[in-house]
Amino acid sequence: MGKLPPSLRTAKFDFPLIRAPQSPSPSPAAKPPKSKSSRNQKSDKKVSQSSPPAIFKSSSLSDAKKIFDSFLSSTSASNVSLSTTTHNSVLQSFSLVAADPKDTLSLLLHMRDKSPSFAPNHSTYHVVLSQCRSLSAVDETLDFMSRHGCRPESSTVDIAVRSLASVDLLEEASELVKSLALNDVPPDRFTYNFLVRQFCKARSMSTVYRFIDELQTTAKLNPDLVTYTILIDTVCNSKNLREAMRLLEELRLMGFKPDCFLYNTIMKGYCVLDRGDETIVVYKKMLEEGIKPDLITYNTLVFGLSKVGRVEKAREFLDVMVEMGHFPDTVTYTSLMNGMCRKGKALDAVKLLKEMEDKGCTPNECTYSTLLHGLCKGKHLDKGIEIYDTMKSNEMKLDGASYSILLRVLCREGRIAEAYEVFDYARESKSVTEVAAYTALESSLKWVQRMKTSGSVC
């Protein structure tokens, strides 16, 4: 109990594989034959959008060239001109097995030499870039691209950045962005914030701030509301609420107005630190600034207040959120039940369950597990068994904590046969691992044995 509910918690480029060729359609019957010349005139105009007859399975460049030459010969014999899309599909297929992006680039050159009609476009070079795993490979591809009249664009920057980030070359990706921005090819906001997020995940905040400052200085790229949201989410997750509030003030000075999502993020941070009372301060600030709270706001408030024992105050927000047009959901009720159980009011939590169901809100496994744990801890075993029976009849899984405490209480009450039945259900339903199931049962039985030996249990 007490964990933050999942609903309150806050690229790889996949190109399609070459499709297998479709079976040729049967020739229509009883059609008058056309002259050879007329057939040739029509077929000369055809442009093939189909895929080659095989997907590359070998990383050998020489084999790839032979396969392409064979495919080119077969289409030429049919007077079919290959489209740029088909060439790109061939290149993509080989790039997936190539050991080195240079081999993909070499195949591209070979394709240009053998097929003069092939005019590589941005998508062609993006295939190569998506396979680059070093800054030198990216630079070489971009240079080759520019020399052949295809100027990089924002999507090019994005693919190159993601390729480098996929192998944790964030500093190299940063240098690339700065270099391209100075050459009038800046990243778009999507790429910029993607890189900020990657730095936040893998580097210290001082490194993140340095990266942002460098881009401001060298490339005139300034953080936006999304950037600040990423930064605030990161420092909240690291439990640095003081820094989160500093960033919030900096955001305002930069001319941005915090939105509901940002305030929810800060409220979540206070919940993580068991400072639920301060969520009310944030909530009031939202209202003062004219920002309308959403369902997540109220769920965070109820969760945070319940977690610190202010159940009555949390209960008040059920009415407030209805007045504001947001109806309590499973997360809301489960959070409140959690708080009630923590305060030893498990029976009141059971009453809330009925209220919840009467209002058409369906409890889930987390709801029942919370109640089961609270009832067993509060020495209301019979009520706990009722909850367990409901879970079993609905084929719900027990969580580890509720399973362990139910076994323990059953054993202490001398209801060993029922404990074994719970053990069997936990295993059959895969509620817990085999090891966890046996460990909890063994621990409970050992306690009973010790009590019997000491004469504390009949």
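## A guided tour, starting at Leu-372

Select Leu-372 to begin: beyond its neighbours within four places in sequence, Leu-372 is in contact with Gly-384, Ile-387, Tyr-388, Met-391, Leu-398, Ser-402 and Leu-406. Keep in mind on the way round that this is a predicted model.

**Stop 1: around Leu-372**

Leu-372 belongs to helix α19, which covers residues 365–377. Is Leu-372 buried or exposed? Its relative accessibility is 0%, so Leu-372 counts as buried. Now add Val-350 to your selection. In sequence, Val-350 and Leu-372 are 22 residues apart, and their C-alpha atoms lie 9.8 Å from each other in space.

**Stop 2: the largest nonpolar core**

Next, select Val-196, Leu-231, Tyr-403 and Leu-406. These are the residues with the most contacts inside the largest nonpolar core, a set of 125 residues. Which helix gives the most to this core? Colour residues 400–412 to see helix α21, the one that contributes most, with seven residues. You have already met Leu-406, as one of the contacts of Leu-372. As a general background to this stop, nonpolar side chains tend to be buried together in soluble globular proteins.

Stay with Tyr-403 for a moment and show what surrounds it. Setting aside neighbours within four places in sequence, Tyr-403 is in contact with Leu-398, Val-422, Phe-423, Ala-426, Val-432, Ala-436, Ala-437 and Ala-440. Leu-398 should look familiar, since Leu-372 is in contact with Leu-398 too.

**Stop 3: two helices packed together**

Move to residues 205–219, helix α10, and residues 225–237, helix α11. The axes of α10 and α11 are 12 Å apart, and the helices pack at an angle of about 170 degrees. An angle over 145 degrees counts as roughly antiparallel, so α10 is roughly antiparallel to α11.

Which residues make the contact? On the α10 side, select Met-205, Val-208, Tyr-209 and Ile-212; on the α11 side, select Thr-227, Leu-231, Thr-234 and Val-235. Sorted by class, the contact has six nonpolar and two polar residues, and no charged ones. Leu-231 is a return visit, having been listed among the residues with the most contacts inside the largest nonpolar core.

Zoom in on Thr-227, which sits in helix α11. With a relative accessibility of 0%, Thr-227 counts as buried. Leaving out neighbours within four places in sequence, its contacts are Tyr-192, Asn-193, Val-196 and Ile-212.

**Stop 4: salt bridges**

How many salt bridges does the structure hold? There are 26 of them, and a few make good stops.

- Select Asp-277 and Arg-310, a salt bridge whose closest N and O atoms are 3.1 Å apart. The pair links distant parts of the chain, 33 residues apart: Asp-277 is in helix α14 (residues 277–288), while Arg-310 is in the loop between α15 (295–307) and α16 (311–323). Asp-277 is partly exposed at 40% relative accessibility, and Arg-310 is partly exposed at 33%.
- Select Glu-421 and Lys-392, where the closest N and O atoms of the salt bridge are 2.1 Å apart. Glu-421 is in helix α22 (residues 416–428) and Lys-392 is in helix α20 (residues 381–393), so this pair ties together parts 29 residues apart in sequence. Glu-421 is partly exposed, with a relative accessible area of 28%, and Lys-392 is partly exposed as well, with 34%.
- Select Glu-418 and Arg-415, whose side chains meet in a salt bridge at 2.7 Å, N to O. Glu-418 counts as partly exposed at 31% relative accessibility, and Arg-415 is partly exposed at 24%.

Then select Asp-168, Glu-171 and Arg-203 together: salt bridges with shared partners join these residues into one network.

**Stop 5: two aspartates with positive phi**

Keep Asp-168 selected and look at its backbone. Asp-168 is not a glycine, yet its phi is positive, near 65 degrees. Where is Asp-168 found? Its place is the loop between α7 (154–165) and α8 (170–182). Asp-168 counts as partly exposed, at 41% relative accessibility.

For the last selection, go to Asp-184, in the loop between α8 and α9 (189–202). Asp-184 also has a positive phi, about 65 degrees, although it is not a glycine. Is Asp-184 buried or exposed? Asp-184 is exposed, with a relative accessible area of 63%.

Terms used. Residues are numbered from 1 along each chain as its sequence is written. This is a predicted model: local features need pLDDT of at least 70, side-chain atom pairs count only at pLDDT 80 or more; totals for chains, interfaces and linings use all residues. Side-chain values use heavy atoms; hydrogens and water are left out. Helices (H or I, at least four residues) and strands (E, at least two) are DSSP runs, numbered from the N terminus. Buried means under 20% relative accessible area, exposed over 50%, partly exposed in between (1.4 Å probe, protein chains only). A salt bridge is a side-chain nitrogen of Lys or Arg within 4 Å of a carboxyl oxygen of Asp or Glu. A nonpolar core is a set of buried Ala, Val, Leu, Ile, Met, Phe, Trp, Tyr and Cys residues joined through side-chain atoms within 4.5 Å. Contact means heavy atoms within 4.5 Å. Axes are lines fitted to C-alpha atoms, for helices over the stretch in contact, and angles run from 0 to 180 degrees between N-to-C directions. Angles under 35 degrees count as roughly parallel, over 145 as roughly antiparallel, 65 to 115 as roughly perpendicular and the rest as oblique. Ala, Val, Leu, Ile, Met, Phe, Trp, Tyr, Cys and Pro count as nonpolar, Asp, Glu, Lys and Arg as charged, and the others, Gly among them, as polar.
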